[in-house]
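Reader: I should like to go through this model in a series of questions and answers. Please show the sequence and the structure before we begin.

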Amino acid sequence: MARAVRQFICQVCGASQPRWQGKCDACNSWNSLVEEGLTAPVSGAASGPASRRKGRTFQLEGLQGDSAEPPRLPTGMAELDRVTGGGFVRGSVVLIGGDPGIGKSTLLIQACAQLARGGHRVVYISGEEAVAQVRLRAERLKLADAPVELASETNVEDIITTLSQGQAPRLVVIDSIQTMWTGAIDSAPGTVTQVRGSAQNLIRFAKTSGAALILVGHVTKDGQIAGPRVVEHMVDAVASFEGESGHHFRILRAVKNRFGPTDEIGVFEMTGLGLSQVSNPSALFLAGRDVNTPGTAVLAAMEGTRPLLVEVQALVAPSALGTPRRAVVGFDSSRLSMIIAVLEAHGGVRLGQHDVYLNVAGGMKITEPAADLAAAAALVSSLSGCALPPDTAYFGEIGLSGSVRPVVQATTRAREAAKLGFKRVVSPPLAQEKTRQEAAAAGREDKPADRGALRADTVSHISDLVAQIAAAGPGKSRAASADDATRDAATPYGPRRAAPSRGRQPADWE
């Protein structure tokens, strides 16, 4: 026999409470507890033959053995295959999240059409839209001729029974997991218990049938995938679809991937015929930049295995407030505070009475420490009014002592800059040695020809960067002001200690 147990489940973190209360003790979310019914056996009563079943032994294996690469199902969309690691693995489960209207359904219907035209059985289950609405989208994207099987259903048992009939599908899309429900759980669709139970049943079907499963998830106000975090641990890969309504491109970012690299991104451009792939995203992010404006610096960044050149914009203005503003878009606000503190303590740059605005152009989000040097260069350039050279890229990590530390994959960053016509990079002094080590680890020789005529200025301390920018002066070229590099005239920085001479002269990358 069983009795009903009432519990209150937090719809944000999945924690359970014995009674209702205004705030969840686990995640401090207000009004997130919802009453859900669970079935529990009566104490001392047997629940059937399954409760008396003994465990079975299984074979244990060692670390050595055949580990062949799992077979993949390429979609034909290079950017999507890059994020998944080369295509969908048979029996794998991918969770894709994103803001409403960002283009998740558009991307997935395009991928389904590509695979269906290749002769694979593809099933698209929509729990939010009717079949007619999905057909209208396919007609608008010129994909109506693709043999994709559609259905509008939310019951998990009915979905699994239907998919089990006939040939096993190669790809199944569930849009979205928050609309699914199972009769084995007594709670409303969209609750934590229903989402977890429905996902478990669908994952079990994917593992047994070998079909690749894609689950679409909603996101919360702070950009996290809605529902319990346990769902992200249950799936094999998690991807986040990012973008803003004011920009015409979208970024698919891999957050977790058991069969491929993480932090990989795919760049798409929203057009009238859906999402088109962007083969050279660096040119897209740098398109239309103003090369003669102070406060802009080009960052040579890395997203997974892909190098990207993005523009970092800074605006430093006198503040009329007691506490100056610090506004950040696309950059870590904590790192910006650290960079400002290091510039004041070790670079002689006075920013305490100025409002600081920092933006990564194009809506890109940068989180790696290698962006510190580009952000610092943009801040100093905006404060001094000195425009940075338009053919120069920056990368490097700044320490609390003011030292500029080397970063990984310096060769790849430099090669991407040279490919787009840049002639100079400003980087840490050990980037050259890092380049040789990375080339040796990859089993190849690092040759200057791979980077064209690219030259490097090495900066070992933040004061070196400040001195280089101040030496040019407003409206001066770097070559014309080389003789004034040691002049310590009145500048917007205030008193500044003499900058060390290390790394201040240009040198070949080798």
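The questions below concern a predicted model and turn to its sheet, its cysteines and an annotated site.

Reader: In what order do the strands of the open sheet of 9 strands stand?

Author: The pairing in this open sheet is mixed. From one strand to the next, the twist averages 25 degrees. The order of the 9 strands is 8-7-9-10-6-11-12-13-14.

Reader: Which strands stand at the edges of the sheet?

Author: A strand at the edge has a single partner strand, so one side of it is left without a neighbour in the sheet. This applies to two strands, namely strand 8 (149-151) and strand 14 (274-277).

Reader: Which residue of strand 8 is the bridge partner of Val123?

Author: Strand 7 covers residues 122-126 and runs parallel to strand 8. The two strands are joined by 3 bridges. For Val123, the bridge partner in strand 8 is Glu149.

Reader: At about what angle does helix 2 run to strand 7?

Author: Helix 2 spans residues 104-117 and lies across several strands, among them strand 6 (93-98), strand 7 and strand 9 (171-175). Strand 14 is also one of those it lies across. Relative to strand 7, helix 2 runs at about 155 degrees.

Reader: How far from Cys24 is the nearest cysteine sulfur?

Author: The structure holds 0 disulfides, and Cys24 is accordingly in none. A disulfide requires sulfur atoms within 2.5 Å. The nearest cysteine sulfur to Cys24 is that of Cys10, at 3.7 Å.

Reader: Is Cys112 buried or exposed?

Author: A residue counts as buried under 20% relative accessible area. Cys24, at 0% relative accessibility, meets that criterion. The relative accessible area of Cys112 is 0%, so Cys112 is buried.

Reader: With which residues is Gly98 in contact, leaving aside its neighbours within four places in sequence?

Author: An unreviewed UniProt entry lists Gly98 under "binding site". Gly98 lies in strand 6 and is buried, at 5% relative accessibility. Apart from neighbours within four places in sequence, its contacts are Lys104, Gly217, Val219 and Phe241.

Reader: What is the relative accessible area of Pro100?

Author: Pro100 appears in the "binding site" list of the same unreviewed UniProt entry, which also includes Lys104 and Ser105. Pro100 is found in the loop between strand 6 and helix 2. A residue counts as exposed over 50%, and Pro100 is exposed, with a relative accessible area of 75%.

Technical notes:
Residues are numbered from 1 along each chain as its sequence is written. This is a predicted model: local features need pLDDT of at least 70, side-chain atom pairs count only at pLDDT 80 or more; totals for chains, interfaces and linings use all residues. Side-chain values use heavy atoms; hydrogens and water are left out. Two strands pair if DSSP finds at least two bridges between them. Helices (H or I, at least four residues) and strands (E, at least two) are DSSP runs, numbered from the N terminus. Axes are lines fitted to C-alpha atoms, for helices over the stretch in contact, and angles run from 0 to 180 degrees between N-to-C directions. Contact means heavy atoms within 4.5 Å. Buried means under 20% relative accessible area, exposed over 50%, partly exposed in between (1.4 Å probe, protein chains only). UniProt positions are given in the numbering used here, feature names are shortened, and annotations may be inferred rather than shown by experiment.
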